[in-house]
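Please look through the structure below with an eye to how its helices pack, how its aromatic rings pair and how far its residues are covered. The paragraphs that follow take these topics in turn.

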Amino acid sequence: MNRLERIRGCLLGGAVADALGAPVAMLGWPVIEARFGPLGITDLVPAYGTTGAIGTAAQMMLFTAEGLLRAYVLGSSGQACHVPSVIHHALLRWLRTQDHLSAISIAIDGWLIKQTSLWSRSAQDITSLNALKASGRLGAIAENNSKGCGALVRVAPCAFFANAFDYAAQSGRLTHGHPTGYLAAGLFADILQRVVDRQDSLEHAVTQSLARYGQVPGMDETRRHIERVLFFYYEGYTPTPQRIDDFAFGWAAEQVLAIGLWCALTARSLEEGVSMAVNHSGDSSGSGLVAGHLLGAQQGVAGIPVRWLERLELRGVIAQVAEDIERVPRVYCGVGGEFDEEIELAYPRS
């Protein structure tokens with residue numbers, strides 16, 4: 001499987017998982033079981049008025065990718081470039097699609113913001129929304145102490161560029177001020193990068209990422225949760241709704257990352273892993289998205305059930321972003337290259 005297939009599988013796998021988990025994201029497991037049966041939800045059903053609708057996490061993931069691509073174009077053109085600030089600018093464009101404004105003047109250009117379906121509003125991440133609205137300058141870190149999963153669930157595209165951990169963590173700080181909130185995002189991006197670019201097994205990627213970043217100040221909560229997941233995996237404990245609820249019932253970044261990792265490590269297929277990751281009483285969309293990204297990066301688009309993929313909102317846009325992530329760094333020159341003008345129209349240097 002080539003790198004493009006891994007990137008495409010990662011982004012689409014996360015998006016379908018987000019869509020699968022959305023209808024049950026606010027429900028406890030007993031309610032999910034009563035409504036959908038003993039296996040829980042296994043197929044896409046309407047959420048936000050549409051079957052297969054992507055949520056805030058997948059929307060912000062796309063704008064994070066746009067920011068990274070714009071930063072690449074800007075830096076390759078020989079101009080000064082602070083990557084987290086460029087990502088911040090892109091996230092403020094997402095904010096505009098949600099009919100909110102910040103104090104910062106932003107450029108409404110490029111191709112992504114013109115995709116009208118991205119202007120739909122789902123169950124919004126209030127922490128991210130408020131932090132972006134309060135931004136006084138590009139690159140400013142959030143003035144809150146949130147360790148919610150809003151940063152974690154949008155940073156997958158950082159895995160496909162250099163400095164994955166740093167850019168994921170730094171861009172996470174734009175909206176989430178607690179170290180767990182942004183360091184869990186950095187660790188997730190590093191694990192994904194090891195799976196995609198080094199083609200590590202997921203277990204090896206997790207252990208190597210912990211060895212590299214586990215002692216970073218502020219990583220304690222996240223490290224303890226991931227170490228418990230590795231223990232469960234080595235001991236053969238598979239996730240069930242009850243076990244997940246007993247282990248990490250909540251919406252914090254370290255819990256959502258741990259649940260998604262546990263389900264991805266033990267799954268025999270993307271469908272199985274994502275289904276386990278959305279059927280519990282916590283953040284079904286977030287933990288499902290983590291598992292979907294990880295398993296999609298391993299299995300590619302071929303691993304995603306057709307019945308999910310064909311109903312996924314904006315799947316063409318997501319696939320295009322994946323192709324651009326692979327293509328732009330490979331072909332963009334910055335000094336009059338064959339594809340430079342086309343790329344600069346899509347990802348302007350602003």
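A residue is called buried when its relative accessible area is under 20%, exposed when it is over 50%, and partly exposed in between, as judged with a 1.4 Å probe and protein chains only. The model is predicted, so local features need pLDDT of at least 70 and side-chain atom pairs count only at pLDDT 80 or more, whereas totals for chains, interfaces and linings use all residues. Residues are numbered from 1 along each chain as its sequence is written, and side-chain values use heavy atoms, with hydrogens and water left out.

The aromatic rings make a convenient starting point. Rings of Phe, Tyr and Trp (its six-membered ring) pair if their centres lie within 6.5 Å, and planes under 30 degrees apart count as stacked, over 60 as edge-to-face and the rest as tilted. The structure holds 8 aromatic pairs, and one of them joins Phe232 and Phe247, whose ring centres are 5.3 Å apart and whose planes stand at 80 degrees, so the pair is edge-to-face. Because Phe232 lies in helix α9 (residues 220–235) and Phe247 in helix α10 (residues 241–248), this pair ties together parts that are 15 residues apart in sequence; helices here are DSSP runs (H or I, at least four residues), numbered from the N terminus. Phe232 is buried, with a relative accessible area of 12%, and Phe247 is buried as well, at 8%. The rings of Tyr233 and Tyr234, with centres 5.7 Å apart and planes at 50 degrees, form a tilted pair, and Tyr233 is partly exposed at a relative accessible area of 30%. Ring pairs also link Phe231, Phe232, Tyr237, Phe247 and Trp262 into a cluster.

How many residues of helix α12 are buried? In this helix, which spans residues 270–278, 7 of the 9 residues are buried, so that α12 is mostly covered. The buried residues are Leu270, Gly273, Val274, Ser275, Met276, Ala277 and Val278, and they pack against α1 (3–21), α2 (29–36), α10, α11 (253–266), α13 (284–299) and α14 (306–309).

Of these partners, α11 packs with α12 at an angle of about 150 degrees, their axes 8 Å apart, where axes are lines fitted to C-alpha atoms over the stretch in contact and angles run from 0 to 180 degrees between N-to-C directions. The two helices are therefore roughly antiparallel, a term for angles over 145 degrees, while those under 35 count as roughly parallel, 65 to 115 as roughly perpendicular and the rest as oblique. The contact (heavy atoms within 4.5 Å) is made by Ile259, Cys263 and Thr266 of α11 and Glu272, Gly273, Met276 and Ala277 of α12.

Helix α6 (residues 164–172) and helix α7 (residues 179–197) also pack at about 150 degrees, with their axes 7 Å apart, and are therefore roughly antiparallel to each other. Among the residues in this contact are Ala164, Phe165 and Ala168 of α6 and Tyr182, Leu183 and Ala185 of α7.

Asp197 lies in helix α7 and, at 37% relative accessibility, counts as partly exposed. Leaving aside its neighbours within four places in sequence, Asp197 is in contact with Arg3 and Ala159, and its C-alpha atom is separated by 9.0 Å from that of Arg6, 191 residues apart along the chain.
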